[in-house]
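Please open the model in your viewer and keep the selection tool at hand, as the stops below are meant to be followed in order.

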There are 2 protein chains.
Amino acid sequence: MELSERKKKILKSVIDSYIRTGEPVGSKLLTGTSDLQVSSATIRNEMSELERMGYLEQPHASAGRVPTAEGYRTYVDGLMEQYLLSLEELKVLNEVFNYKVSEIERLMESASHAISEMTNYTSFSVIRPSGRNAKRFETLYIDEHSFLLIMICTDGSIRNRHVKVRMSVDPEMLKTVAEALNATMSGVCSEDVTLQSVLEFEERLGAHSGIAATVLRVIYDMLNSTNSEKVHIDGVTKLLSYPEFSDVEKAKDAIALFEDRRDFAQKIMSRSTDEKGLTVHFGEADLPDAGIVLQPIIINGKTVGAIGVMGPKRMDYKKVIASLQYFVDNVGKQFEGEDRNEQEHRKKP
Amino acid sequence: MELSERKKKILKSVIDSYIRTGEPVGSKLLTGTSDLQVSSATIRNEMSELERMGYLEQPHASAGRVPTAEGYRTYVDGLMEQYLLSLEELKVLNEVFNYKVSEIERLMESASHAISEMTNYTSFSVIRPSGRNAKRFETLYIDEHSFLLIMICTDGSIRNRHVKVRMSVDPEMLKTVAEALNATMSGVCSEDVTLQSVLEFEERLGAHSGIAATVLRVIYDMLNSTNSEKVHIDGVTKLLSYPEFSDVEKAKDAIALFEDRRDFAQKIMSRSTDEKGLTVHFGEADLPDAGIVLQPIIINGKTVGAIGVMGPKRMDYKKVIASLQYFVDNVGKQFEGEDRNEQEHRKKP
DNA sequence: TTTTAGCACTTGTTCTCTACGAGTGCTAAT
DNA sequence: ATTAGCACTCGTAGAGAACAAGTGCTAAAA
């Protein structure tokens with residue numbers, strides 16, 4: 001069922017006002033505000049219908065109206081006007097890029113910080129672990145009892161561990177280890193390691209097989225451990241400033257969401273992966289009074305992570321959405337661009 | 001001024017009771033409890049004196065007594081009995097060690113988690129950044145446009161970066177880079193880099209000097225960036241369960257302490273460095289209702305970090321202290337032991 | 001048919017007042 | 001030195017009144 005033009009105007013005004021003040025909005029308030037040139041009684045009738053249609057609700061009989069989830073949905077889907085980032089805000093956001101951080105992780109962290117400061121809500125970033133398949137191994141002699149074990153993954157990322165051993169090592173032996181690893185373990189992920197490959201690895205080590213167990217344990221650890229999402233969270237306390245969370249129990253529920261970062265990351269990524277654009281979630285995850293805006297970060301077609309904002313359900317969506325979109329657009333430029341460069345280079349030979 | 005035996009008993013009983021219930025404790029309550037065989041009137045007199053002496057105070061005229069910071073101090077310094085960790089608790093703590101994590105960082109993280117669960121307070125661990133002096137550099141060829149730059153520090157720690165460049169690189173050239181770095185930059189920390197060493201580095205690169213700027217920038221970044229404390233925090237929401245923090249403003253103050261991790265780490269380390277044992281802090285850092293127990297982690301005479309617990313001022317100190325001490329004792333065994341091994345090995349040649 | 005003015009009704013908030021309970025300090029007796 | 005007794009203080013909980021905000025409905029006006 002379509003909303004009349006006037007209903008849309010009223011719904012928009014109600015939500016705008018509620019977002020600003022946090023107070024239920026009554027019919028009289030709207031006569032003064034908005035460009036509606038009708039009496040409060042008319043507005044009352046319209047609001048009553050909007051309530052029947054599921055866009056508004058009353059906290060109690062004699063209070064004004066408050067938007068429902070459905071109300072917010074239509075608001076962000078079309079009613080709200082676009083927010084133009086101020087010069088000040090653009091400056092803050094651009095600083096994130098000016099610093100020229102090459103790692104996406106730090107870039108998203110500082111963006112998350114900037115956005116939290118700008119919007120005064122909690123902001124977070126999640127980076128999904130990528131390609132856990134080993135492509136190549138290298139070893140590097142450090143001293144008689146330690147060496148660096150380096151794993152180059154299929155996605156180009158690199159992991160390494162400083163391995164300390166009781167026995168003596170020397171560069172020659174380490175070379176053997178690397179060769180044996182490359183011969184038997186390249187291309188594996190942690191589930192792929194078979195008994196056969198382990199045995200072959202030990203065999204290839206020959207006289208140095210004493211070191212096999214240690215090396216295998218480290219590799220197993222490397223394949224698994226870095227395999228976790230990187231989570232950054234900024235401005236948790238900001239949430240506590242909003243009356244929605246002035247009750248400690250609710251505050252607790254909200255903050256608890258960020259407590260177990262692993263779990264949080266999984267929740268976020270499971271919502272981001274199938275989406276290719278920004279999504280808005282109202283009152284989910286046992287947080288009836290919270291809203292979450294989620295922006296997946298996609299580079300070269302792959303969802304590498306997500307950045308988002310959590311605030312009270314009545315948060316300033318247009319500002320939040322504008323900030324997140326500005327960020328993701330520029331990340332796109334920066335990283336897709338870089339990739340094109342790489343491809344150019346690769347064409348040469 | 002020394003406290004009489006009876007005053008001590010009373011002070012201890014008051015604090016024990018207050019820690020248990022969180023309610024101000026009155027004279028009548030104590031007659032039933034403790035082994036004091038005196039009337040409430042006598043206790044009243046004693047409590048009145050304890051108040052005059054600064055160990056107790058009254059929230060308001062008709063309420064019971066509550067310990068002052070001074071009261072807590074004498075309590076933890078000698079009045080409280082020792083807490084014996086239950087088998088259950090020992091099991092939880094031991095699991096941390098059984099997992100045989102070699103990195104102190106993860107070890108402290110899981111200990112922090114375990115202790116937070118055990119005590120139901122917030123627990124944190126901080127690891128101080130160590131030795132930022134470069135001892136040796138290595139390079140490792142990855143592909144035509146990228147290589148791994150490895151920095152081995154004087155304290156044995158290792159840092160590395162995956163460097164991507166536009167120009168073509170090859171193993172031979174990388175060897176030159178490593179040699180040039182070792183000749184000019186070994187032993188430096190970020191403040192030590194002089195113009196002279198930079199020029200010499202470029203000179204030694206010879207035909208490959210085009211790569212100098214990139215390499216130098218990466219090294220500068222490595223010297224500085226990893227130079228930050230690693231902070232882990234566990235169980236923040238647990239704080240919110242205590243009436244001390246049921247007011248959102250207070251909760252906010254408490255949680256804000258953990259918000260800026262860098263700042264938090266600095267605060268913690270500055271309190272831990274000069275201490276060689278466990279310290280207890282009452283109501284500091286603008287948190288009048290909080291208490292912090294801090295245990296520096298010292299390995300081979302060096303303070304490498306700290307682990308601690310934050311809870312309401314009336315937290316169960318004996319349990320918290322017992323847990324932290326159990327942990328630090330075992331960390332000592334594990335790591336000092338490992339070090340002895342290393343030294344044995346080194347004696348051989 | 002749509003809009004509006006008017007009014008009775010509902011409900012939450014704020015304030016005051018009262019009663020109560022917990023705990024103290026003091027006095028006088030033991 | 002200890003204790004029983006008692007008057008006093010202060011915070012909390014509850015009841016009731018006054019009030020404000022906002023609604024739905026009715027009937028009149030456009």
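In this predicted model, begin by selecting H7 of chain B together with strands E4 and E5 of that chain: the helix H7(B) lies across both strands and runs at about 170 degrees to E4(B). Extend the selection to E6(B), and an open sheet of three strands appears in the order E4-E5-E6, with antiparallel pairing. Its edge strands are E4(B) and E6(B), residues 158-164, each of which pairs on one side only, and from one strand to the next the twist averages 20 degrees. Between E5(B), residues 146-153, and E6(B), which run antiparallel, you can trace seven bridges, and along this pair B:Ile150 stands opposite B:Asn160 of E6(B).

Keep H7(B) and E4(B) selected and add H7 (171-185) and E4 (134-143) of chain A, because each of these four elements supplies at least two residues to the lining of the second largest pocket. This pocket has a volume of about 480 Å³, and its centre is approached most closely, among the 21 lining residues, by A:Thr139, A:Leu140, B:Glu138, B:Thr139 and B:Leu140. Which element gives the most to the lining? It is H7(B), with seven residues. Coloured by class, the lining shows ten nonpolar, three polar and eight charged residues.

Now move to chain A and select E7, E3, E10, E9 and E8, which in that order form an open sheet with antiparallel pairing. E7(A), residues 230-234, and E8(A), residues 279-282, stand at the edges with a single partner strand each, so one side of each has no neighbour in the sheet. Neighbouring strands here are turned against each other by 15 degrees on average, direction ignored. At the E8(A) end, four bridges pair that strand with E9(A), residues 290-299, in the antiparallel sense, and A:His281 can be found opposite A:Ile292 of E9(A). Adding H6(A), residues 104-119, shows a helix that lies across E3, E7, E9 and E10 of chain A and runs at about 165 degrees to E3(A).

For the last stop, select H11 (248-259) and H12 (261-272) of chain A, whose axes are 6 Å apart and which pack at an angle of about 90 degrees; the two helices are therefore roughly perpendicular to each other. Show the side chains of A:Leu257, A:Phe258 and A:Glu259 from H11(A) and of A:Arg261, A:Phe264 and A:Lys267 from H12(A), the residues that make the contact. By class, this contact comprises three nonpolar and three charged residues, with no polar ones.

Technical notes. Residues are numbered from 1 along each chain as its sequence is written. Chains are lettered from A and ligands numbered from 1 in the order in which they are written. This is a predicted model: local features need pLDDT of at least 70, side-chain atom pairs count only at pLDDT 80 or more; totals for chains, interfaces and linings use all residues. Side-chain values use heavy atoms; hydrogens and water are left out. Axes are lines fitted to C-alpha atoms, for helices over the stretch in contact, and angles run from 0 to 180 degrees between N-to-C directions. Angles under 35 degrees count as roughly parallel, over 145 as roughly antiparallel, 65 to 115 as roughly perpendicular and the rest as oblique. Contact means heavy atoms within 4.5 Å. Ala, Val, Leu, Ile, Met, Phe, Trp, Tyr, Cys and Pro count as nonpolar, Asp, Glu, Lys and Arg as charged, and the others, Gly among them, as polar. On a 1 Å grid over the protein atoms alone, a cavity is a set of points where a 1.4 Å probe fits but cannot get out, and a pocket is an open set with protein on both sides within 12 Å along at least five of seven lines; lining residues have an atom within 4 Å of a point. Grid points are joined across faces, edges and corners, and a volume is the space filled by probe spheres set on the points. Two strands pair if DSSP finds at least two bridges between them.
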